[in-house]
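Colleague: Please take one part of this model and walk me through it closely. Which helix lies across the sheet, and what does it touch?

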Amino acid sequence: MTNSHFVVLIDGMRWRVVYMRGKRFMVIRQVDADEHSRHALLMWWREFPDATISFVTDEVAEHYHVETIPHVQGAAGRQLLSRKLAAWPYAQGLFTACQLDRTQALRLEDRVLFIALTSPALSGWLPTLTQNAIRLKLICTQALLLTCWLPVMVPMSKHIVCLQYSCSGLRMSYLKDQRLFLSQVITSQSLAVISSDSKCISVAEHIGQIYLYCKQQLWLNSEESLQVLWLGKLPNDLQGLPHHLPFKAAWQVLSEHRMADAFGQPPAAFLSATDMAVLHAINARYPVPNLAPNEALFVQSAALAKRRLHVAGLVATSLILLSLALVWHGIQARQGLLERDRYVLAQMPTPDLDSRALTQLRGLTQTIEEIQSSVRMPHQALHLAEQVLQPLVAWQLVELTWQLSADPTAEVEEAAHWQETLLVGVQATHPNKQAEDEWLQMLSHFKRLPALARVEVVTPGAAHIERKGGTLPVLIDDRPMTLKLHFAPPVTEDKS
Amino acid sequence: MTLKNYWPFLSRALMAWLATLTLLFLGRLSLEHLRSDVQQQLDDVHGKILQRQQQVDSLTRAHSALHMFHQKGLRWQQLGLLSPASADRIERDLVALQQSQSLPHVMYEIGLPVVCAAGACESRWPVLSAEAIPFTMTPLQLRWRVAHEADVLKWLQLLSEYYSGILLVRQCSWKHQQPARQIEVQCGLELFNFPHALPAHFNLSSLQTLP
């Protein structure tokens, strides 16, 4: 998209057309304002459909009027302004209004500047421009643009009157607080026939009239001073103007040389330093009142709307594409994870044992281990019996019976309550005193063994009798005697 | 200026952008659908991995028991402890043991196996197990005629080792025969078999894949 821009400086019947691309001057032409020239201009502009057109006028037929209206907000305020503007006789064709400031007297009031340009040639040409899709951007006056570029050049006082020569004549503009309140032209014809001193006096009188008008309008008071600023080269016949000013004013000349330093040398002879300042203000896109009617701005506003539509579409498309890229990236990442997890799953061992089978196996293993741990052999019992009986000479072993059986006294059937017993059947070889002693010795020996929990003498045929005996010494005869040895349960290790 | 004035200028661009954005939006929707589909697959695989991990963890926790079972299970299987009781097998084992170890001859009586379902043989069962494992109990009566009481102990020790300790000696009696100076020994044993203790379709070799 090119930043092509045509600026038409209208000064009386002289049209100077500046074609710029950005801040670069491409073509500068000076054309007449007749219909033929305008047609040629139109044909030229049609070669640049993207270029925008701005008109900056310095015409005698420019009208400025400050209207004070009550401050009303919203649509009612706009309607009031429209009514006031409609009542202004110059509000036909090219006109607009802009707010200057707000005052508080008896009521809150807005000061609004009405601007109008009576230029049948220009206003009559605008429909043609619209029909040819020429993108009109701005119609403005040089006086309005003063507020844009003048503060860059000189320190501005509160009240300032700018004087500037042009083809139309001498333009005098009053600015208050860097806002244009008034602008008028003393035509060249009215100044051409008088002498130098008379010209100075005449101009000074006009300045004095502006001063009095401002005081009358209460824009400035007697205590405030007025700055008079001459733009450009001061003509020889007006060199004495500062001495004819009817009031004490600060006189200052802003030379073309200074303006050229600030805004560049004019690239063509028919462009002045002031024109360069105007072009600078146009390029800098200062917000200035636009005199162009809405119908004439339609092409540009439609182009702007289309541009904004494209920008919005591009932004939306970019966002959706970005989200698409993010989603696609997410999908790729997830697919990568999926492949990795599938690989991990394939590499994981696949035990074909379910929990039920596992429980079954664990139960079997536990059962077999418990059986193994509960197995008891008669080795210990036999060894103990041999250890006790071997020294005996009066007794001989008849029978040994080792048994592992459930403890009938135990309430719960479990391994710890299984009882190991050994029945020792012995017979005295010679029933004598030695046999009696050895019997007692044997009993004592068995009872001392820690592996035995209990030792009892079993009497045949006395199953229902818990114990049988006498206070007499043990009677030993040749009948077999039986001892029942109850082994202590094995000590289980506390696994906790 | 109203929207109606702008419509002829903007309509084509507007429609073009609307079409473009609609297509892109549809593409976005389809990609979103694809993403949710992939996410669903990912969740499924995660679920399977978690389930498999839980199985492996469960097996790891039971590792010691299974490891022991894997080590001894094959031996038990060879000895027939995991098969139904067989008198032929016991007889063959006794003969082989006597001949290989030069042990005293033994007379044996192999009783009929008693099938004990869960809890049916509590009085004969030497352990209190949390799991009711069905088993068969085979009574075995052995008789020797030996010169010394301890001669039988080697028999019993070797039998116990041979059957990996899954053999219960219930009772033993030694009777001295005075004239012959010999000892009549009789022992009552019980052999346990677990023919239906293994899970269905269980293969011992599968335990080799355990972590």
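**One helix, its sheet and its neighbour**

Modeller: Start with H9(A), in this predicted model. H9(A) lies across strand E1 (4–11), E2, E3, E4 and E8 of chain A. Its direction is at about 140° to E1(A).

Now look at the sheet itself. It is open and has five strands, in the order E3-E2-E1-E4-E8 (chain A). The pairing is mixed. Strand E3 (24–32) and strand E8 (135–141) of chain A stand at the edges. Each has a single partner strand, so one side of each is left without a neighbour in the sheet. On average, neighbouring strands are turned by 20° against each other, direction ignored.

Take one pair of strands. Strand E2 (residues 14–21) of chain A and E3(A) run antiparallel, joined by eight bridges. Find Tyr19(A): its bridge partner in E3(A) is Val27(A).

Helix H4 (residues 142–153) of chain A also lies across strands of this sheet: E2, strand E4 (52–57) and E8 of chain A. H4(A) runs at about 85° to E8(A).

Back to H9(A), residues 273–283. Its axis comes within 9 Å of the axis of helix H8 (residues 256–263) of chain A, and the two cross at roughly 30°. Angles under 35 degrees count as roughly parallel, and H8(A) and H9(A) are therefore roughly parallel to each other. The crossing of H8(A) and H9(A) is left-handed.

Which residues make the contact? H8(A) brings Glu256(A), Met259(A), Ala260(A) and Phe263(A). H9(A) brings Ala273(A), Thr274(A), Met276(A), Ala277(A) and His280(A). By class, the contact of H8(A) with H9(A) has six nonpolar, two polar and one charged residues.

Definitions and conventions
Residues numbered from 1 in each chain as written. Chains lettered and ligands numbered in written order. Predicted model: local features only at pLDDT ≥ 70, side-chain atom pairs only at ≥ 80, totals over all residues. Heavy atoms only, no water. Axes fitted to C-alpha atoms, helices over the stretch in contact; angles between N-to-C directions. Helix = DSSP H or I, 4+ residues; strand = E, 2+ residues; numbered from the N terminus. Parallel < 35°, antiparallel > 145°, perpendicular 65-115°, else oblique. Left-handed = near helix turned anticlockwise from the far one by under 90°. Contact = heavy atoms within 4.5 Å. Nonpolar A, V, L, I, M, F, W, Y, C, P; charged D, E, K, R; others polar. Pairing = 2+ DSSP bridges.
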